[in-house]
Amino acid sequence: MKMKGYAMLGIGRTGWIEKEVPACGPLDAIVRPIAVSPCTSDIHTVWEGAIGERTDMILGHEAVGEIVEVGSLVKDLKVGEKVIVPAITPDWGSREAQGGYAMHSGGMLSGWKFSNFKDGVFAEYFHVNEADANLARLPRGLDPACAVMLSDMVPTGLHGAELADVQYGDSVCVVGIGPVGLMSVAGAALRGAGRLFAVGSRSVCLEAARSYGATDLINYRHGDIVTQIMDKTGGQGVDKVIIAGGDNDTFIQAVTMVKPGGRIGNVNYLGAGDFVRVPRVEWGCGMGHKTIAGGLMPGGRLRMEKLAALLVNGRLDTSRLLTHRFQGFEHLEEALLLMKDKPRDLIKPVVLL
Ligand code: NDP
Ligand code: ZN
């Protein structure tokens, strides 16, 4: 049986294609999407060629859907159930998963399968490996449009706060407040940050950052952010930095503004360039105890269920991210191009099906 999907045709080129509906392995599921969202990572992949050439690969890795088929060894989930689909779907029996880094199962970044090694979720049907371990039931009453933020924006943003190891009372600077960075702001606030700086420029994002718990807003277009942070902290800098935007040189700023003993948690996907530079003197000539940690979001069912509990119990509201809602697959391209062009009023689009 054939299906339609919206694909990367090659670097810099996208379009609708037809493919066979994927086959379901014994542990797997086939899912029909009911809400999807394009990601800035799709933009890096297609327009920057960040992961290299891909031909006719269906895009998308953020979805809520309905199970239409399960394999013979799937014990728990059933056909007809609605599920949250994490962007990262590890192989749980792998050595990397046993070592605590399931997102790298099968090799670095290889837990990221959709729209990387296999067809993604912008299709009439898509395949999910190890369904019982990778899909979480959509909690009753949770709006699929809000829940689709659990695929990637919430787990990635919150992972930034984990990587930076935000502690009660820490001063934290989140650089980049698109949807990922906004969830880092929310994550840092949930983990008890004291003073919480948010760096962006578009007012829709700055206002959202305030609502997610930022205490100080910094516009990177109004001057060097290190100078602005140093001015506001009496030259001390901050305990923790979370990088969720900017470019390779953002690390220079982060290392400079973080205090000795501080941590930098990066979740930004560096789409271009060969090197990330670390400033020697500001890094304490290599002895400043300034740690740089960067990570792909953790995936899997348990993580999805726990993060869904934040929405269900009113601790986190993702509706604030959803500035553009579309109905119907025919709007997918429009939604993806919004993510590419980032108009002033955009945080995140969602397409309901
Ligand atoms: P957006 O493009 O929506 O947000 C980027 C943010 O960075 C905006 O606030 C932007 O400000 C800001 N920014 C841009 N340039 C600078 C600069 N020079 N200095 C400071 N801030 C700057 O991206 P998303 O939130 O959608 O995604 C963020 C990153 O996370 C992307 O690289 C994405 O690919 C990556 N990602 C990583 C994942 C992971 O698992 N690690 C998973 C998902 C995404 P403004 O818009 O105001 O100009
Ligand atoms: Zn993504």
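What follows is a chat between a trainee and a mentor about this predicted model.

Trainee: Hi! Before we dig in, what kind of model is this?

Mentor: Hello! This is a predicted model. Let's begin with the metal site.

Trainee: Great. Which residues coordinate the zinc ion (ligand 2)?

Mentor: Cys39 does so through SG, His61 through NE2 and Asp152 through OD. The distances run from 1.8 to 2.2 Å.

Trainee: And what spacing do those donors follow along the chain?

Mentor: The pattern is C-x21-H-x90-D. His61 sits in the loop between E4 and strand E5 (63-70), while Asp152 sits in the loop between helix H4 (144-147) and helix H5 (153-163), so this pair ties together parts that are 91 residues apart in sequence.

Trainee: Nice. Is His61 buried or exposed?

Mentor: His61 is buried, and its relative accessible area is 3%. Asp152 is buried as well, at 7% relative accessibility. The cut-off behind that word is under 20% relative accessible area.

Trainee: Okay, new topic: ligand 1. Which residues come nearest to it?

Mentor: Those are Thr40, Arg202, Tyr220, Asn268 and Lys342, out of 28 residues around ligand 1.

Trainee: What classes do the residues of that shell belong to?

Mentor: The shell around ligand 1 has 12 nonpolar, 12 polar and 4 charged residues.

Trainee: Which polar atoms of the protein lie by the oxygen atoms of ligand 1?

Mentor: I can give you three examples. In His44, a polar side-chain atom lies 2.9 Å from an oxygen atom of ligand 1. For Ser201, an N or O atom in the side chain is 2.8 Å from an oxygen atom of the ligand. With Gly178 the partner is a polar backbone atom, 3.2 Å from an oxygen atom of ligand 1.

Trainee: How much of the ligand does the protein cover?

Mentor: On its own, ligand 1 has 940 Å² of accessible area, and the protein covers 87% of that.

Trainee: Which elements give two or more residues to the shell?

Mentor: Helix H1 (40-47) and helix H6 (179-190) do. H1 gives the most, with 3 residues.

Trainee: Let's switch to strands. What is the order in the open sheet of 3 strands?

Mentor: The order is E2-E1-E4, and the pairing is antiparallel. Strand E2 (13-20) and strand E4 (57-58) stand at the edges with a single partner strand each, so one side of each has no neighbour in the sheet.

Trainee: How many bridges are there between E1 and E2?

Mentor: Strand E1, residues 2-10, pairs with E2 over 8 bridges, in the antiparallel sense. To find one on screen, look for Ala7, whose bridge partner in E2 is Gly15.

Trainee: Where do the side chains go in a strand, in general?

Mentor: In a regular strand they alternate between the two faces of the sheet.

Trainee: And E5, which you mentioned with the zinc site? Which strands does E5 pair with?

Mentor: E5 pairs with strand E3 (residues 29-36) over 7 bridges, in the antiparallel sense. E5 is also joined to strand E6 (residues 82-85) by 4 bridges, and those two run antiparallel too. Ala63 of E5 is a good residue to click on: Ala63 is the bridge partner of Val36, and Ala63 also stands opposite Val85 in E6.

Trainee: Any odd backbone angles? What is phi of Asp56?

Mentor: Phi of Asp56 is near 50°, which is positive in a residue other than glycine. Most residues other than glycine have a negative phi. Asp56 is in the loop between H1 and E4, and at 33% relative accessibility Asp56 counts as partly exposed.

Trainee: What about Glu130, and where does that one lie?

Mentor: Glu130 is not a glycine either, and has a positive phi of about 45°. Glu130 lies in the loop between E7 and helix H3 (131-134).

Trainee: One last stop: where is Ser115?

Mentor: Ser115 is in the loop between helix H2 (95-98) and strand E7 (126-128). Ser115 is buried, at 1% relative accessibility.

Trainee: And where is Pro139?

Mentor: Pro139 is in the loop between strand E8 (136-137) and H4. Pro139 counts as partly exposed, at 22% relative accessibility. From C-alpha to C-alpha, Pro139 and Ile84 are 9.0 Å apart in space, with their positions 55 residues apart in sequence numbering.

Trainee: Thanks, I'll go and find these in the viewer!

Key:
Residues numbered from 1 in each chain as written. Chains lettered and ligands numbered in written order. Predicted model: local features only at pLDDT ≥ 70, side-chain atom pairs only at ≥ 80, totals over all residues. Heavy atoms only, no water. Pairing = 2+ DSSP bridges. Donors = N, O, S within 2.8 Å, 3.2 Å for Na, K, Ca; no water. Buried < 20%, exposed > 50% of the residue type's maximum accessible area, 1.4 Å probe, protein only. Near = heavy atom within 4 Å. Polar contact = N/O pair within 3.5 Å; in protein donor to acceptor, adjacent residues only side chain to side chain. Areas by Shrake-Rupley, 256 points an atom, 1.4 Å probe, with all protein chains shown as cover. Nonpolar A, V, L, I, M, F, W, Y, C, P; charged D, E, K, R; others polar.
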